Amino acid sequence: MIVIDKILSTEEVNAYRNVLADAPWADGANTAMGMAASVKNNNQADANNDSVRQLANQLLARIGETPKLVSAALPHKIFPPCFNRYNEAQEYGFHVDAAVMRIPNTAEVIRSDISMTTFLSEPEEYEGGELIISTEFGQQSIKLPAGYAVVYPSSSLHKVNAVTKGQRVAAITWMQSMITDVSMRQNLYQLDQSIQNLIKENKTSRTEMDNLHNVYHNSVSYTHLTLPTTPYV
């Protein structure tokens, strides 16, 4: 579970919110699959609306421009981001995201290795609405500032607590990683972050940095499922 700081600026969040305020919304349960449909009580912006689709494409581009996120996910394919809204008394009970998802309006499917929630409402705008993720260390409660995102394994049991006051708006998406194994993906992320920190400190010899890069890239090459022909869908 990794927090991505300020994937969207305050100005960008406001622009997203303005567009979404005028967008058509529908019952979010219509897009849920299997058992999740019975516990999903929210609204989802119409993904076929031109303005909503444009926001989704903008967020897709930002994902590819965010080094920490790319390092954490090593994405092969990305499901087009969706936008959801929770009004008072709305919630999404415990569920696991579908393991395989079909890209809308295509015949292509992706394996959902990683889920990402990007918060578009400030924490003080609503009460409740925490993202609860079950981990090996217990349940983690996530409620981040607008523009921040959290990524976590799609296989995690998770829920969104009922909003008791105000309104919670967020974007959600799923990624198929080049690295299927969660532990290996975590190790590669930690290695890459250490390399980036050493580069910033500029105190490590070029030979040692080359050795670390060699280990990192050879590990990716050895463990990846398939090389992406295109990084995003």
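**Helix α2**

I started with Arg53 and Asp50, which both sit in helix α2, three residues apart, or about one turn of the helix. This is a predicted model, so I read every contact here as a computed one. The two side chains meet in a salt bridge, with 3.0 Å from N to O. I then looked up how open each partner is. Asp50 counts as exposed, at 59% relative accessibility. Arg53 is partly exposed, because its relative accessible area of 34% falls between the 20% and 50% cut-offs.

**Glu65, Arg62 and Glu12**

Next I went to Arg62, which pairs with Glu65 in another salt bridge. I noted 3.3 Å between their closest N and O atoms. Glu65 counts as exposed at 54% relative accessibility, whereas Arg62 is partly exposed with 22%. Arg62 is therefore not in the buried class, which needs under 20%. I also found Glu12 here: Glu12, Arg62 and Glu65 are linked in a network of salt bridges.

**Glu108 and Lys77**

Which parts of the chain does this pair link? I had to check the elements. The side chains of Glu108 and Lys77 meet in a salt bridge at 2.7 Å, N to O. The pair links distant parts of the chain, with the two positions 31 residues apart in numbering. Glu108 is in the loop between β8 and β9 (109-111), and Lys77 is in strand β5, residues 75-78.

Is Lys77 buried or exposed? I have Lys77 down as buried, because its relative accessible area is 17% and the cut-off is under 20%. Its partner Glu108 is partly exposed, with 31%. For the tally, I counted six salt bridges in the structure.

**Largest pocket**

I moved on to the pockets. How much space lies in the largest pocket? I got about 880 Å³. Its lining has 48 residues, and Thr31, Gln44, Phe79, Cys82 and Trp174 are the ones that lie nearest the centre. By class I sorted the lining into 27 nonpolar, 14 polar and seven charged residues. Helix α2 came up again here: residues 50-64 form this helix, and the helix gives five residues, the largest share of the lining. Helix α2 is also where I found the Arg53 and Asp50 pair.

**Second largest pocket**

The second largest pocket holds about 590 Å³ of space. I listed 19 lining residues, with Met1, Tyr152, Pro153, Val182 and Gln186 nearest the centre. Which elements give two or more residues to this lining? They are β12 (131-135), β14 (149-153) and α4 (182-201). The largest share, five residues, comes from α4. By class I wrote down eleven nonpolar, six polar and two charged residues.

**Surface patch**

Last, I looked at the outside. Phe94, Val96 and Leu157 make a nonpolar surface patch of about 230 Å². Where is Val96 found? I placed Val96 in the loop between β7 (91-95) and β8 (100-102). Val96 is partly exposed, with a relative accessible area of 44%. That value is over the 30% a patch residue needs, so Val96 passes the accessibility cut-off for the patch.

Technical notes. Residues numbered from 1 in each chain as written. Predicted model: local features only at pLDDT ≥ 70, side-chain atom pairs only at ≥ 80, totals over all residues. Heavy atoms only, no water. Patch = residues over 30% accessible without salt bridge, like charges linked within 9 Å, V, L, I, M, F, W, Y side chains within 5 Å. Areas by Shrake-Rupley, 256 points an atom, 1.4 Å probe, with all protein chains shown as cover. Salt bridge = Lys/Arg side-chain N within 4 Å of Asp/Glu carboxyl O. Helix = DSSP H or I, 4+ residues; strand = E, 2+ residues; numbered from the N terminus. Buried < 20%, exposed > 50% of the residue type's maximum accessible area, 1.4 Å probe, protein only. 1 Å grid on protein atoms, 1.4 Å probe; cavity = no way out; pocket = protein on both sides within 12 Å on 5 of 7 lines; lining within 4 Å. Points joined across faces, edges and corners; volume = space filled by probe spheres on them. Nonpolar A, V, L, I, M, F, W, Y, C, P; charged D, E, K, R; others polar.
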